[in-house]
Amino acid sequence: MSDTDNDKHEQRSVKKIDVFLTPCEIGDERLKNQTVIVVDVLRAATSIATALANGARYIIPVPSIDEATSLAAQLSRDSVLLCGEREGKIIEGFHIGNSPAEYTRERVRARHLIFGSTNGSPAVVKAAAARAVYMCGLVNLNAVIDAFLSRIDPFPLILLCAGKLSRFAIEDAVCAGMFIDRLRQRQIGALELNDAAVGSEILARKLGKNLESMLRHSDHGKYLIQIGAESDLPLCAADSTIDAAPVLREGQLVKHAGKGSEEKHGNGT
Ligand code: MLT
């Protein structure tokens, strides 16, 4: 091996993970050539994983309500369901809100979903500049780890926390930290972390033992309790109970097809 080959090999074997605690911290250029996992525990990732596990064909994440409604008009199919929230509540004229409990098999099987939420769906749309994009909550943590590790060349990895209105959300950081911790358990070698990744792992070790309590004490968890969505918290806290890893393919979130399937979503390099 020449010196240059050695350098390249070393660069590749460094498993770099950066956490961004809100989407506004990162620009499109920085996303290129990265695998990005968008983390939104409360509640978009939980609802989307539930919908895919219950047989939804695909979910189109949109950045705004206007885009959701105009896309629904363009698609004009009976099978389309308009889904999403503003201030945590169902949007007038939409079929489904953002409670994971609403995404039952009866409602979503074989349907095409358009999904607009305040933080989660805009974060996925932003992440589309990356070479591969997945969506993760606590409910599908192990499924997303499996999907990520099944990629031929998964690193470098960015864990992009959706946060809350451009602010830090503790539940997303805890989930990102648990993701890193579980990667370590798979003994994949040394990891190189940025400060936010180190901090997320420390938070996960401290708060990851009682996830429902962590959610109840979070800003968004308290808000959901206040608007009557308390019953969503145990659903969102149920670690790795859903075997569905949403992956972005040509603007649509679909269920990852399993080991060995390399996903390309069309916008990446
Ligand atoms: C979001 O994407 O902003 C959240 O899922 C908000 C919510 O809990 O409905």
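# A tour from Ser-117 outward

Start by selecting Ser-117 and Gly-120: a polar atom of the Ser-117 side chain lies 3.3 Å from the backbone nitrogen of Gly-120. Keep in mind throughout that this is a predicted model.

Stay on Ser-117 and show the backbone around it. Ser-117 sits in the loop between strand 6 (112-116) and helix 6 (120-127). Is Ser-117 buried or exposed? Its relative accessibility is 1%, and because buried means under 20%, Ser-117 counts as buried. Now display what surrounds this residue. Leaving aside neighbours within four places in sequence, Ser-117 is in contact with Ala-44, Glu-85, Arg-86, Asn-98 and Pro-122.

**The ligand**

Next, select the ligand and the residues around it. There are 13 of these, and Asn-98, Ser-117, Asn-119, Gly-120 and His-220 come nearest. Coloured by class, this shell shows three nonpolar, seven polar and three charged residues.

Which parts of Arg-43, Asn-98 and Gly-120 should be picked out here? For Arg-43, choose the side chain: one of its polar atoms lies 2.7 Å from an oxygen atom of the ligand. For Asn-98, choose the side chain again, where an N or O atom is 2.7 Å from a ligand oxygen. For Gly-120, choose the backbone, which has a polar atom 2.7 Å from an oxygen atom of the ligand. On its own the ligand has 270 Å² of accessible area, and the protein covers 99% of that.

**Helix 3**

From Ala-44, one of the contacts of Ser-117, move along helix 3, residues 44-53. Nine of the 10 residues in helix 3 are buried, so the helix is largely enclosed by the rest of the structure. To see them, select Ala-44, Ala-45, Thr-46, Ser-47, Ile-48, Ala-49, Thr-50, Ala-51 and Leu-52. Just after helix 3, stop at Gly-55, which takes a positive phi of about 95°.

**The nonpolar cores**

Now select Ile-37 and show its contacts. Not counting residues up to four places away in sequence, Ile-37 touches Tyr-134, Cys-136, Val-144, Phe-148, Leu-157, Ile-158, Leu-159, Leu-160 and Phe-179. Ile-37 belongs to the largest nonpolar core, which has 54 residues. Within that core, Ile-37, Leu-157, Leu-159, Phe-179 and Leu-183 touch the most other members. Which helix gives the most to this core? Select helix 8 (residues 170-185), which supplies seven residues. A second core, separate from this one, has 36 residues, including Leu-81, Ala-123, Ala-128 and Leu-248. In soluble globular proteins, nonpolar side chains tend to be buried together.

**Helix 11 and the loop after it**

Go next to Lys-222, found in helix 11. Lys-222 counts as partly exposed, because its relative accessibility is 45%. Setting aside neighbours within four places in sequence, Lys-222 is in contact with Leu-215, Arg-216 and His-217. Draw a distance from the C-alpha of Lys-222 to that of Leu-233: the two residues are 11 places apart in sequence and 9.8 Å apart in space.

Finish at Gly-228, in the loop between helix 11 (219-226) and helix 12 (232-237). Is Gly-228 buried or exposed? Its relative accessible area is 62%, and because exposed means over 50%, Gly-228 counts as exposed. As a last distance, join the C-alpha atoms of Gly-228 and Gly-88, which are separated by 10.0 Å although the residues are 140 apart along the chain.

Definitions and conventions:
Residues numbered from 1 in each chain as written. Predicted model: local features only at pLDDT ≥ 70, side-chain atom pairs only at ≥ 80, totals over all residues. Heavy atoms only, no water. Core = buried A, V, L, I, M, F, W, Y, C linked by side-chain atoms within 4.5 Å. Buried < 20%, exposed > 50% of the residue type's maximum accessible area, 1.4 Å probe, protein only. Helix = DSSP H or I, 4+ residues; strand = E, 2+ residues; numbered from the N terminus. Contact = heavy atoms within 4.5 Å. Near = heavy atom within 4 Å. Polar contact = N/O pair within 3.5 Å; in protein donor to acceptor, adjacent residues only side chain to side chain. Areas by Shrake-Rupley, 256 points an atom, 1.4 Å probe, with all protein chains shown as cover. Nonpolar A, V, L, I, M, F, W, Y, C, P; charged D, E, K, R; others polar.
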